[in-house]
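Me: I would like to go through this structure step by step. Please keep the answers plain.

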Amino acid sequence: MVGLLIMDEINNLFQGFAVAMTLPNIGFMLVGIFLGVLIGVLPGLGGANGVAILLPLTFGMSPTSAIIMLSCIYWGALFGGAITSILFNIPGEPWSVATTFDGYPMAQKGKAAQALTAAFTSSFVGALVAVLMVTFLAPLVAKFALNFGPPEFFAVQLLTFASFIGMSKEPPVKTLMAMMLGFALAAVGLDSVTGTLRMTYGQESLLKGFDFLIAVIGLFGIGEILLTMEEGLAFKGHKGRISLKDVLETWKELPKYWATSLRACLIGCWMGVTPGGATPASFMSYGTAKRISKHPENFGKGAIEGVIAPETAAHAAGTSALLPMLTLGIPGSPTAAVLLGGLLIWGLQPGPLLFTEQKDFVWGLIASMYLGNIVGLIVVLTTVPWWAAILRIPFSIIAPVIVVICAVGAYTVHNSMLDVVMMLVFGLMGYAFKKLKYPLAPLVLALVLGDMAETSFRQSMLISKGSLEIFVSTPLAGSITVLALIMLMWPVLGFLKKFSRG
Amino acid sequence: MKTNSHLQMRWMELLVAACFMGVSLLVITDSIRVGKAWGADGPEPGYFPFYIGCLLFGGAAWVILQTLRGWKQDDGEESFAQNHEFRLMLLMLIPSAAFTVSIYVVGIYLASLIFIAAFMVWQGKYSYLKSIAVGTGISAALFALFEIWFTLPLPKGWIETWLGF
């Protein structure tokens, strides 16, 4: 029975390869990877806002080609983040901050090539493990989720948001506030159930509500540029060139660290599926590797494990974040949230039905995840010097160009100048929020999921005639709700513990 | 660092929390207006946002209380941004805002050209020739990409009309 199921998945996967392997799609894959690495390398452009900016360009494409290109941008950005971390000690992406701890010291010791090879290879391994998990687990989750009613969906959404509060590094109250702001912004405009106008205060321009793409471009793009400007960065980096010899020598060494790698994969997959995302996964994995290592004193001074652990976990988390997005319609990371927004725009309803109704799309995407990561690995290993050269372009040129790109991206979402203005406002917000430790990811997720969460909540309330008991009425919804409440109470428990110790 | 040469964290904390509180009040007021209770055919439109607004208000109040409670111990040393850092940030923000306004006036292509070239001359101390060359190159690339390749029209001004587009 299980064997049959697996055969089924492998069959589907091969059909997916047939979809992904067509010439145009391989072209989109390559374009995506190159753009992705570029985005990952440049400050101010990251996975989430990079995909958001390029999303309007895909409106005319077939959804399958579009998702292949956009997800490849995501993989590319994950790879690209490591380059700047190791060579320049500047994390191009938040999830590569932990890579700077040991990657940059390695480069200082003249081992940049080893560090880069180790980073790229571990990213690849992390992604591969996560894709394997997606391949075999996602159809099961989707099948399981077919039985979900509104209370179960709301419970899962509650779990998503509760685990943000429970797991976040930022103060829980601020996480809650950022999230509620996202929900509030999502509620602005026409209420889809009753057709009432909400919170528009007579402003016609608010009828459509706030578009999360604009928020993402502003919060992550403009916000990041403002922060970078403030640091007055002068990019000084090490030479990055990888010879075949470096690659082969590093590869010979890597199997020694299989245990670190395996742990990192597990942490990454877990954090990706529960919406922790790539950034906390990389930190957690780095911390665990250090704690378990026989030589923790080497960490921070150029230990290769200190590169393997965060990179593997970040990539595993980034990839597995697509599992809940595809099966439940709940993205595990901001970038997955943007991809989810893309699905909705292309007219696809994410969720369990996607697996039965849009087989080509789903399996084309999954197959492209395998291919995209192989292509990505080859691309980054061979082209590192180029990307390092891009970072030598002074910030006084890069900064205005990125602002222009963000403005164009914001404009093209709805062909509206007001969106460009909104983008700047969100940019200033992103800047202030970063400094005051309000997390951005829950805001974006709440903005994306707001309508969906509200609809499932209201439908549940309709079924139960206003009683909250419905969320514990079935074993399934009940157990998810309880899990969510535990997550929610997690910071309170920590607080009590600290309190009782005095 | 002297206390007066930076923006204090505690003031910014209060300011942002106050903004949150303002937003929460807007949300709550409007939710009450559209009805936050249980209507004839189920929850009214303000049902869900009302509680969102309340949570937002509670969170903001908590942050304000915490900041005020720690006010005495915190002697204002913790900085949100040093003054020179904040100036650098404004040096990016204000030109970006000016760029946005100029899109309305001259269209996005010319605005980008001017913005990039001016920023390069002003912040990067590049020569006029080099700056204008880079600005023109980027604008032309954008034009080729959007108007010609993707045929997604961006806001245009008199110069594009003059050139015959």
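Me: In what pattern do helices and strands follow each other along the sequence of chain B?
Reply: This is a predicted model, in which local features need pLDDT of at least 70, side-chain atom pairs count only at pLDDT 80 or more, and totals for chains, interfaces and linings use all residues. Residues are numbered from 1 along each chain as its sequence is written, while chains are lettered from A and ligands numbered from 1 in the order in which they are written. Helices (H or I, at least four residues) and strands (E, at least two) are DSSP runs, numbered from the N terminus. Chain B has 6 helices and 4 strands, and read along the sequence its pattern is β-α-β-β-α-β-α-α-α-α.

Me: Is chain B a compact globule or more spread out, and what is its radius of gyration?
Reply: The radius of gyration is taken over C-alpha atoms, and the globule rule is 2.2 Å times the number of residues to the power 0.38. For 165 residues that rule gives 15 Å, and the value for chain B is well over this, so the chain is more spread out than a compact globule. Its radius of gyration is 24 Å.

Me: How far apart are the centres of domain 1 and domain 2 of chain B?
Reply: Chain B is divided into domain 1 (3-77) and domain 2 (83-163), with bounds from an automatic or database domain assignment. Taken over C-alpha atoms, the distance between the two centres is 37 Å.

Me: Which helix of chain A gives the most residues to the largest nonpolar core?
Reply: A nonpolar core is a set of buried Ala, Val, Leu, Ile, Met, Phe, Trp, Tyr and Cys residues joined through C-beta atoms within 7 Å. The largest one has 222 residues, and Ile86(A), Val216(A), Val444(A) and Leu56(B) touch the most other members. The top contributor, with 17 residues, is helix 4 (residues 63-88).

Me: Between which domains of chain B does this core lie, and why?
Reply: Both domains of chain B give residues to the core. The core therefore lies between domain 1 (3-77) and domain 2 (83-163).

Me: Is Asn415(A) buried or exposed?
Reply: A residue is buried if 20 or more other C-beta atoms lie within 10 Å of its own, exposed if 12 or fewer, and partly exposed in between, with C-beta atoms placed from the backbone. Asn415(A) sits in the loop between helix 18 (395-414) and helix 19 (417-435) of chain A, and its phi is positive, near 50°. Because 12 other C-beta atoms lie within 10 Å, Asn415(A) is exposed.
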